[in-house]
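Colleague: I should like a close look at one helix pair in this model and at how the residues in its contact relate to the surroundings. Please give one connected account.

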Amino acid sequence: MSHHTAPLVVVMGVSGSGKTTVGQLLARHLDVPYAEGDDFHPAANVAKMRAGHPLDDEDRRPWLDEIARWLAGHADGGGVVACSALKRRYRDRLASVAPRVFFLHLDGSPELIAARITARQGHFMPPELLRTQLADFEPLGDDETGSAVPIDGTPQETAALARAAVTST
């Protein structure tokens, strides 16, 4: 990553891993715009998840297209977007429009993430769908630009690890 160009980051992971919190903290520290991936979902996707049904690849296509457009629009100035990016082909889609994107995987135990999902309020993603997200998740490949950071500390500690990972490339 060029030192004179602001980073372009996808904060990724399953629901409940802290993408929004860490993404906002990271964007603030990097002084770049932040976008919430959930805001890019069509209403039909939100309704489907709220009803306890997992999204399939076809459901995710328009959502990923919108996130890809956001990344392409922020390629020069940098930005941070929260997006589960569970599968390699989803990340490849995003990287195809923003080749210098950095994927930051928020990594934690299923037990910790389940506890976080159960404790949060006001989110459309029911805890029952965590199992399907974990089953869909494909770890970052050695040829993908990115890093995994543990989420077992405080949000500030996780954000500090995230900053170090992003700025060390």
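**The packing of H3 against H4**

Modeller: The axes of H3 and H4 cross at roughly 30° and come within 9 Å of each other. All that follows refers to a predicted model. Because angles under 35 degrees count as roughly parallel, H3 and H4 are classed as roughly parallel to each other. The crossing of H3 with H4 is right-handed.

H3 brings Asp 57, Arg 60, Leu 64, Asp 65, Ile 67, Ala 68, Leu 71 and Ala 72 to this contact, and H4 answers with Arg 89, Tyr 90, Arg 93, Leu 94 and Val 97. Sorted by class, the residues between H3 and H4 are eight nonpolar and five charged, with no polar ones.

On the H3 side, Leu 64 deserves attention. Leu 64 lies in helix H3 and has a relative accessible area of 5%; it is buried, because that value is under the 20% limit. Beyond its neighbours within four places in sequence, Leu 64 is in contact with Cys 83, Tyr 90 and Leu 94; Tyr 90 and Leu 94 are among the H4 residues of the helix contact. Leu 64 can also be placed relative to Phe 40, 24 residues away along the chain: their C-alpha atoms are 8.2 Å apart.

On the H4 side, Leu 94 returns the contact with Leu 64 and also touches Ile 67, Ala 68 and Leu 71, together with Val 10, Cys 83 and Phe 103, when residues up to four places away in sequence are not counted. Leu 94 is also one of the residues with the most contacts inside the largest nonpolar core, the others being Val 10, Leu 26, Leu 71 and Leu 104. That core has 44 residues. At least two of them come from each of strand E1 (8-12), helix H1 (19-30), helix H3 (57-73), strand E3 (79-82), helix H4 (88-97), strand E4 (102-107), helix H5 (110-119) and helix H7 (155-167). H3 makes the greatest contribution to the core, with six residues. In soluble globular proteins, nonpolar side chains tend to be buried together.

The segments beside H3 and H4 can be followed through two further residues. Val 81 sits in strand E3, and its relative accessibility of 0% makes it buried. Setting aside residues up to four places away in sequence, Val 81 touches Ile 67, Trp 70 and Leu 71, as well as Val 9, Val 10, Val 11, Ala 35, Gly 37 and Phe 40. Of these partners, Ile 67 and Leu 71 also belong to the H3 side of the contact with H4. Val 81 and Val 9 are 72 residues apart along the chain, while their C-alpha atoms are separated by 6.4 Å.

Between E3 and H4 lies the loop that holds Ala 85. Ala 85 has a positive phi, near 45°, although the residue is not glycine. Its relative accessible area is 0%, so Ala 85 is buried. Apart from neighbours within four places in sequence, Ala 85 is in contact with Val 10, Met 12, Tyr 90 and Arg 91; Val 10 is also touched by Leu 94 and by Val 81. From Ala 85 to Gly 141, 56 residues away in sequence, the C-alpha distance is 13 Å.

A second positive phi, about 60°, is found at Asp 31, which is likewise not a glycine. Asp 31 belongs to the loop between H1 and strand E2 (34-36). Here the relative accessible area is 70%, so Asp 31 is exposed, whereas Ala 85 is buried.

For comparison with the pair in question, H1 and H7 pack at an angle of about 55°, their axes 9 Å apart. This pair is therefore oblique, whereas H3 and H4 are roughly parallel. The crossing of H1 and H7 is right-handed, as is that of H3 and H4. By class, the contact of H1 with H7 comprises eight nonpolar, five polar and one charged residues; the contact of H3 with H4 has eight nonpolar, no polar and five charged.

Technical notes: Residues numbered from 1 in each chain as written. Predicted model: local features only at pLDDT ≥ 70, side-chain atom pairs only at ≥ 80, totals over all residues. Heavy atoms only, no water. Core = buried A, V, L, I, M, F, W, Y, C linked by side-chain atoms within 4.5 Å. Buried < 20%, exposed > 50% of the residue type's maximum accessible area, 1.4 Å probe, protein only. Helix = DSSP H or I, 4+ residues; strand = E, 2+ residues; numbered from the N terminus. Contact = heavy atoms within 4.5 Å. Axes fitted to C-alpha atoms, helices over the stretch in contact; angles between N-to-C directions. Parallel < 35°, antiparallel > 145°, perpendicular 65-115°, else oblique. Left-handed = near helix turned anticlockwise from the far one by under 90°. Nonpolar A, V, L, I, M, F, W, Y, C, P; charged D, E, K, R; others polar.
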